[in-house]
Amino acid sequence: MKKIGLFYGSTTGNTETAATAIAAALGIGNVTLHDIAETPPETLSSYDNIILGTSTWGFGELQDDWQNALSEIENLDFTGKTVAFFGLGNQYSYSDVFQDAMGILYETVHKKGADIVGAWPTAGYEFDESRAVVNDNFIGLALDNDNQPDRTPQRIEQWAGQLKNLFQ
Ligand SMILES: Cc1cc2nc3c(=O)[nH]c(=O)nc-3n(C[C@H](O)[C@H](O)[C@H](O)COP(=O)(O)O)c2cc1C
């Protein structure tokens, strides 16, 4: 397997903690972690295997550091790249916009030719609407550390196990 570039944006640290746990689950030597707040967006282009992680803020908006990087990411070509997503959100307080930021990143990268992997079932969550749901599944791993922190480690283990076979 080629090296995986894991890029995350995190305001209060939850997505960063999840990013570290995902890297550990995939095998620390397989993954390079990048905080998008400190990384030029074109760095994404140096990987064929990419994981993008974001929390959702405001009302269904991208995390701030991703928002700042978005216009540059829109100009990158993802043809031939394998991309997976994870998100942090709050399903009870933001039931109509749960994980929307993961959906925004997905829409951006999907449009630019990426091969998307790592869909995740919606069973086990309670919410009304999400921009991150496509064909009845989340387009990536949905984590809710505000309400279900005890489920996060097992969700990460299971998702990472699936991903290992899907990257190039
Ligand atoms: C002011 C505020 C707005 C939020 N807006 C949303 C939202 O629209 N949708 C959602 O799913 N979660 C929302 N959340 C929950 C955060 O995404 C969640 O707390 C997340 O774990 C934060 O991750 P971070 O520390 O990596 O930024 C919001 C939280 C706060 C405090």
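**Exercise 1. Locate Gln-99 and Asp-136, and describe their backbone and accessibility.**

Gln-99 sits in the loop between E5 and H3. Helices (H or I, at least four residues) and strands (E, at least two) are DSSP runs, numbered from the N terminus. The model is predicted: local features need pLDDT of at least 70, side-chain atom pairs count only at pLDDT 80 or more, and totals for chains, interfaces and linings use all residues. Residues are numbered from 1 along each chain as its sequence is written, and side-chain values use heavy atoms, without hydrogens and water.

Step 1. Most residues other than glycine have a negative phi. Gln-99 is not a glycine, yet its phi is positive, about 65°. Asp-136 also has a positive phi, near 70°.

Step 2. Place Asp-136: the loop between strand E8 (133–134) and strand E9 (137–138).

Step 3. Check accessibility. Buried means under 20% relative accessible area, exposed over 50%, partly exposed in between (1.4 Å probe, protein chains only). Gln-99 is at 1%, so Gln-99 is buried. Asp-136 is at 65%, so Asp-136 is exposed.

**Exercise 2. Find the buried side of helix H2 (residues 64–73) and what covers it.**

Step 1. List the buried residues: Asp-65, Trp-66, Ala-69, Leu-70 and Ile-73.

Step 2. Look down the axis. These residues lie on the same side of H2 because they cover an arc of only 145°, taken from the directions from the helix axis to the C-beta atoms.

Step 3. Turn to the face away from the buried side. Asp-64 and Asn-68 are exposed there.

Step 4. Identify the cover, by contact (heavy atoms within 4.5 Å). It includes strands E1 (4–9), E3 (49–57) and E4 (61–62), and helix H3 (100–111).

**Exercise 3. Describe how H1 packs against H4.**

Step 1. Take the geometry. The angle is about 50° and the axes are 9 Å apart. Axes are lines fitted to C-alpha atoms, for helices over the stretch in contact, and angles run from 0 to 180 degrees between N-to-C directions.

Step 2. Classify. H1 and H4 are therefore oblique: angles under 35 degrees count as roughly parallel, over 145 as roughly antiparallel, 65 to 115 as roughly perpendicular and the rest as oblique.

Step 3. Name the contact residues. H1 contributes Ala-18, Ala-21, Ile-22, Ala-25 and Leu-26. H4 contributes Ile-156, Glu-157, Trp-159, Ala-160, Leu-163 and Lys-164.
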